[in-house]
Amino acid sequence: MKFLPVFDSTRPILIAGPCSAETEEQVLQTAHQLVGSGIQLFRAGIWKPRTRPGAFEGVGTVGLGWLKRVKEETGMRVTTEVATGQHVQECLQYGVDVLWIGARTTVNPFSVQEIADALAGSDIPVLVKNPVNPDYKLWVGALERLYQAGLRRIAVVHRGFSSYCDSKYRNVPRWQMAIDLKQEFPDLEVICDISHICGRRDILQETAQKAYDLDFDGLMTEVHITPDTAWSDAAQQITPPRYQEMIGQLVRRNLTSDDPEFLRRIEQFRSELDEVDEELINLISRRMQLVRQIGEVKKQKNIAVLQPERFRAMREALSQRGVKNELSAEFVSLFLEAVHQESINQQERVMHAGTRE
Ligand code: PEP
Ligand code: MN
């Protein structure tokens, strides 16, 4: 797939506006206060997909008229979330500039197909948020459905993933997945929705900086004139002045430099890294060799593969060692789980050799 840009070449791309359109005044005041912040696109949800019924589900069609006023009065392009063919029709009628597909919709191929069918024949740009669960193919699948409907101006938004683990984030970012998308589709613009990743104001700036450092093309941020009284996602929204301040403090770094000294030093570190990576793989292979030998012994004595006590003790000891050595507890835990899973798979293979295969 070859995509066309949704935005002009200005970087970073800035998208901001309230989580939800609540009243005409709230939408217009927020928009007017954002003028001059360098925003390419003003966002506001008209139809809100809420986790549980009874919460504020959006003002509906009347809000499209408010977005039209935003366009007329500020000159900013506007975007809103669509989840059905009917939403698409209405947005096209009201001249919404860009549509976005939310995380709870990307996850459902029937819904994405319905939207793609409704969009066929139009060339309106569409932003596709990642699905709620970290499924790369499902995300790409949504892009393919739109592409097959003839759309080319498509960009993606990384808004993090639902997780049942405790985390400082509302939706845990999987930076690598966005980087993979960029690698597979180099002309795809990749935006980071810091608000839905963080779920809280105090870590928005550090998360935005991280997105910049990873060379995301831009940010989507929820901005509200009075965030504390917002009808949805109050904890993560910020005021227009705070937004301007945050954007002003972010540091945009260059992708590379042609300074020979810089290049020489980077090259040195990289070749060292390559060596360390090779060592890592060799070490893990050695571990697996031992694991297979243990498997043989267990097989002879008919002992179970999984030894929960032993794994718990090992995890405990290594987590402490990792944290002492400046590794995050989250990383150590993920790493050990992956190693342990591979060990179990290898032992299972030993146990069943000659029976299954
Ligand atoms: C939103 O942008 O307000 C929204 C509902 O986002 P998401 O689909 O990422 O949850
Ligand atoms: Mn929101």
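# Around ligand 1 and the manganese ion

Student: How far does a polar side-chain atom of H196 lie from an oxygen atom of ligand 1?

Tutor: A polar atom in the side chain of H196 lies 3.4 Å from an oxygen atom of ligand 1, and please keep in mind throughout that this is a predicted model.

Student: OK, and how much of ligand 1 does the protein bury?

Tutor: Ligand 1, taken alone, exposes 300 Å², and the protein buries 98% of that.

Student: Which residues are around ligand 1?

Tutor: Going along the chain, the residues around ligand 1 are C19, R43, K48, E81, W100, G102, A103, R104, K129, R159, H196 and E222. Sorted by character, this shell has seven charged residues, two polar ones and three nonpolar ones.

Student: What about A103 and R159, how far are their N or O atoms from an oxygen atom of ligand 1?

Tutor: For A103 the atom belongs to the backbone, where an N or O lies 2.8 Å from an oxygen atom of ligand 1. For R159 the side chain is involved, with an N or O atom 2.6 Å from an oxygen atom of the ligand.

Student: K129 was in that list too; where is K129 found, and is it buried or exposed?

Tutor: K129 is found in strand 5, which covers residues 126-129. Its relative accessibility is 4%, so K129 counts as buried. The side chain of K129 also makes a polar contact, at 2.7 Å, with the side chain of D193.

Student: Switching to the metal, what coordinates the manganese ion?

Tutor: The manganese ion, ligand 2, is coordinated by C19 through SG, H196 through NE2, E222 through OE and D233 through OD, at 2.1 to 2.4 Å. Written as a sequence pattern, the spacing of these donor residues is C-x176-H-x25-E-x10-D.

Student: Why does the pair C19 and D233 tie together parts that are 214 residues apart in sequence?

Tutor: C19 sits in the loop between strand 1 (13-17) and helix 1 (24-34), while D233 sits in the loop between strand 8 (218-222) and helix 10 (240-249), so the pair links parts that are 214 residues apart in sequence. Both C19 and D233 are buried.

Student: How many disulfides are there?

Tutor: The count comes to zero disulfides. C91, for instance, is in no disulfide, and the nearest cysteine sulfur, that of C19, is 16 Å away. C91 counts as buried, at 0% relative accessibility.

Student: And C192, why is there no bond to C198?

Tutor: The closest cysteine sulfur to that of C192 is the one in C198, at 7.8 Å, which is too far for a bond. C192 is buried as well, with a relative accessible area of 0%.

Student: Stepping back, how many helices and strands does the chain have?

Tutor: There are 13 helices and eight strands in the chain. Its C-alpha trace spans about 75 × 55 × 40 Å along the principal axes, and of the 357 residues in the chain, buried ones make up 45%.

Student: One last thing, where is N302, and is it buried or exposed?

Tutor: N302 has its place in the loop between helix 11 (260-301) and helix 12 (308-324). With a relative accessible area of 71%, N302 is exposed. Measuring C-alpha to C-alpha in the model, N302 and Q268 are 50 Å apart in space, with their positions 34 residues apart in sequence numbering.

How values were computed
Residues are numbered from 1 along each chain as its sequence is written. Chains are lettered from A and ligands numbered from 1 in the order in which they are written. This is a predicted model: local features need pLDDT of at least 70, side-chain atom pairs count only at pLDDT 80 or more; totals for chains, interfaces and linings use all residues. Side-chain values use heavy atoms; hydrogens and water are left out. A residue is near a molecule or strand if one of its heavy atoms lies within 4 Å of it. A polar contact is a pair of N or O atoms within 3.5 Å; within protein, one must be able to donate a hydrogen and the other to accept it, and residues adjacent in sequence count only if both atoms are side-chain atoms. Accessible areas come from the Shrake-Rupley method with a 1.4 Å probe; for residues, only the protein chains shown count as cover. Ala, Val, Leu, Ile, Met, Phe, Trp, Tyr, Cys and Pro count as nonpolar, Asp, Glu, Lys and Arg as charged, and the others, Gly among them, as polar. Donors are N, O and S atoms within 2.8 Å of the metal (3.2 Å for Na, K and Ca); water is not among the atoms, so sites may look incomplete. Helices (H or I, at least four residues) and strands (E, at least two) are DSSP runs, numbered from the N terminus. Buried means under 20% relative accessible area, exposed over 50%, partly exposed in between (1.4 Å probe, protein chains only). A disulfide is a pair of cysteine sulfur atoms within 2.5 Å.
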